[in-house]
Amino acid sequence: MANRTVDLLVIGGGIHGCSAALHAAMRGLEVVVIEKDTVARHASGVNAGGVRRLGRDYAEVPISQRSMEIWYRIEELLDDDCGFQRAPQIKVAETEADLDRLKARAADLRAMGFDHEVVLDRAQMREHLPAVSDHCVGALASLGDGFALPYQTTFAFQRKARSLGVRFEENCRAETVERVGRDFKVTTERGVFTSRKLLNCGGAWAGQIARQLGEPVEVAATAPMMIVTSRMPRFCTAVVGNETRPLSFKQMQNGTVVIGGGRRGRPNPETNVSELIFSELRQTAATAMAVFPIMRGATIVRSWAGIEGRMPDGIPVISPSSTEEGAYHAFGFSSHGFQLGPGVGEIMGELIATGRTNAPIAPFSITRFAPEAGASGSSPTHSQGISA
Amino acid sequence: MKTEPKTATLPAYDVVVIGAGPAGMACATEASRAGLSTLVLDEQPRPGGQIYRDIEASDSGRRGILGKDYEAGAHLASGLRASTAEYLPGAVVWNIDSEKQIDFSAGGGSRSVKAATIVVATGAIERPTPMPGWTLPGVTTVGAVQILLKTSGVVMEDLVMVGSGPLLWLAATQLIAARTPPKAIVETVPAARYREAAKHLGKALPGWRYLAKGFAMMREVKRAGVPVHRDAEEIVIEGETAASAVSFVSGGKRQRIETAHVALHQGVVPNQQITRLMNCRHRFDKSQRAFLPVLDEHFETSVDNVFVAGDGAGIGGAKSAAMRGRLVAMRVAEKAGRPVSGERETLKAALRKDAAVRPLLETLYAPSEDTLSPADSTLVCRCEEITAGQIREAVALGAPGPNQVKSFLRAGMGPCQGRMCGLAVSEIIAAAKGEEPSSVDYYRIRPPLKPLLLSELADFGAEEAPRQAAE
């Protein structure tokens, strides 16, 4: 079965694929998304849901800011509130040395022209986090951040895109990707798709696509582990991290507490199965109890780990292909891609439709992994282990 | 708290049996007899499972109430006690990994053991019965009423039993024997089903004892003067803050019975939690109207050295469960290179005979249409208060299956881990899509299988040596 040649074929139905497809369709492109499983099956549907600018790699700050602007009007864009709640993101310091590092970071950002991250002294921190443990000395916060419901969000992107004519082919894995004349030809067990342009949003599986485009990169499959508790009385309205110990902590509107933070399980990208490693996860439990003593009484009802692509330097690839004109990449978000989804989709839509973008995406070029790349591209700094 | 290092020094067993009902007790006894090191982990304080719950503690009066079949459990329990199998009661298994490390909670702390072979003998659970009012206080299940009867002898007065299935009739006779007969039985078996079931009568004859027992139970109910309303449909449990009445259509007219206590039942289905967690393959059995693990002729799942014995392999009842348990043990011994008991073929023949009555029962007591496709306003997921209508809306929006509906609506995300709604959700989605439950499949089951204290996890394996990199 051969399909009509479309303007853009997106490989991967996660938040980045769906968002880019939507933005490309908004610019008038005819778009097909192929997804090997179902939309939002992996990291996009089961991440911790943090909408976080706080603590990002410096290179990511501008695009994270751009994405935040879209989050603030997400319902207008998608006709769905995505469960988005504005809430402070707060990274607590357990020691003065931790706090000093956070202060230094805030100063760096101010020098770069960004003032969204602010230092909180102990009293200010306690105002936002009345339940925080007494031993915490202060915090760094981004007060205008928030959180959202990941599956609802990605599903909303899919539905909005579909309403603008984007076709989604689920359970449809890209087996081979090749260039045929000016077009791309992608073979799946459900037929051949041809397109003028191609976007690789394959997440943990994106390396297979990049390799076929002549751009081999190491994309490690990882499985950030998460816990959710039974409902508890409301005690926390912010999303909380920790400067030294991996933690991502939030209480949802319904009272359940979602705890993650980058401790990793065992992913199996071949079978789609991810396995929890409880001897690792126990440290997440211990950190949560150390920061919030009330958690000693919490009960875990479920834990899980989505499969996620991680780059060797911990920041994503957001880039035109350097080998095949008309091919693009947006993958390897390394456990912090959820917040970036709306913004990077907009950037990719613009880049693909017009051939250019003003967004500072040079640090995310795929060429940084080319053997001869050497010192080109910016060296990433302050990459964070916190999951999105 | 005692902690076990989570390394190669974990206690290891040839066989770990999970569950001490008839299948688990028989399996562990047989396995240890074959010389296999065997551990039984069971949630209850004493062996017996649900069917023989508290069998060792029940006095002769209580056993009289529960019936002669209940006695068979005492024999199994004493067999387990006399065997060399280690038996650990009060042990709640909350995770099993792909290396067959079993994590469980017991005595306030969590520990792990390693198994060469795992036998899942976690039996059956009652089928979810979504209907208007089923979440009201005062509404319970027939199984729960039986547990009360077995453990404390306590029963409710004015109980109205609603639904269908052999367990409903058995519980009714036990209530009568306890001198607290149900106020009424409202049976949801459509009249036409008797004719359909009768087609299986010839093949069911080897199981005539079951049929005779069934008729005897119905006669006993009649003799006790319990009103039985047959062919009931459109059931509504009324009440504002608690159940106050059951109303239904039977014999062409709506009827109403006032009561504060209602027990629902639509049969039992295999408990899939562990086999789902372990990523065993499952299939949807149209006759049992439930998901069953895919098993070979020796009850081994698609995962090597993971077996299912008892009702978890497909509903067969207590006698079959015990036979299956023994057969599984024989197969495990055989795989371990031990001689196979000559009894195996005899057991297999007995198992086939015991199963003869099943097609008839499965046809007669298939779940009612009302509970398979509840009205839009009926709650399906009790934990998160999600209605059938919300599930159908999510499907209409494009959610393709139970896991997306779960992510979207939180159905199945509560403390019960979907045990109370999973099958109903799969059925509703399948019907809404015009597909079979087999193609929409079931929730992915995540650990912990049962709620676990965060503090217990924080202490879990805390003395472990260097952490492994989790790549």
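Two strands count as paired here if DSSP finds at least two bridges between them, and that criterion is worth holding in mind at the first stop of this tour through a predicted model.

**First stop: a small group of strands in chain A**

Select residues 50-51, 85-86 and 146-147 of chain A, which are strands S3 and S4 and strand S8. These 3 strands form an open sheet in the order S3-S8-S4, with antiparallel pairing. At the edges sit S3(A) and S4(A), each of which pairs on one side only. In general, the strands of a sheet pair through backbone hydrogen bonds, in either a parallel or an antiparallel arrangement.

Now keep S4(A) and S8(A) in view and hide the rest: the two pair in the antiparallel sense over 2 bridges, so this pair meets the requirement of at least two bridges. For a single contact to centre on, pick Gln85(A), whose bridge partner in S8(A) is Phe147(A).

**Second stop: the annotated span of chain A**

Extend the selection to residues 7-351 of chain A, where UniProt, in an unreviewed entry, places the feature "domain: FAD dependent oxidoreductase". If you mark the C-alpha atoms at the two ends of this span, you will find them 13 Å apart, while the span itself is 30% helix and 28% strand.

**Third stop: chain A as a whole**

Show the whole of chain A, which has 10 helices and 23 strands. The radius of gyration of chain A is 20 Å, close to the 21 Å that the globule rule gives for 388 residues, so chain A is as compact as a globular protein of that length. Oriented along its principal axes, the C-alpha trace of chain A spans about 65 × 45 × 40 Å. If you colour by burial, 56% of the 388 residues of chain A count as buried; and among its contacts between residues at least 6 apart in sequence, 75% join residues at least 24 apart.

**Last stop: chain B**

Switch the display to chain B, in which there are 18 helices and 22 strands. Its C-alpha trace extends about 70 × 50 × 40 Å along the principal axes. A compact globule of 471 residues would have a radius of gyration near 23 Å, and the 22 Å of chain B agrees with this. Burial colouring can be repeated here, where 52% of the 471 residues of chain B count as buried. Of the contacts in chain B with a separation of 6 or more, 69% are accounted for by residues 24 or more positions apart.

Definitions and conventions. Residues are numbered from 1 along each chain as its sequence is written. Chains are lettered from A and ligands numbered from 1 in the order in which they are written. This is a predicted model: local features need pLDDT of at least 70, side-chain atom pairs count only at pLDDT 80 or more; totals for chains, interfaces and linings use all residues. Helices (H or I, at least four residues) and strands (E, at least two) are DSSP runs, numbered from the N terminus. The radius of gyration is taken over C-alpha atoms; the globule rule is 2.2 Å times the number of residues to the power 0.38. A residue is buried if 20 or more other C-beta atoms lie within 10 Å of its own, exposed if 12 or fewer, and partly exposed in between; C-beta atoms are placed from the backbone. Two residues are in contact if their C-beta atoms, placed from the backbone, lie within 7 Å. UniProt positions are given in the numbering used here, feature names are shortened, and annotations may be inferred rather than shown by experiment.
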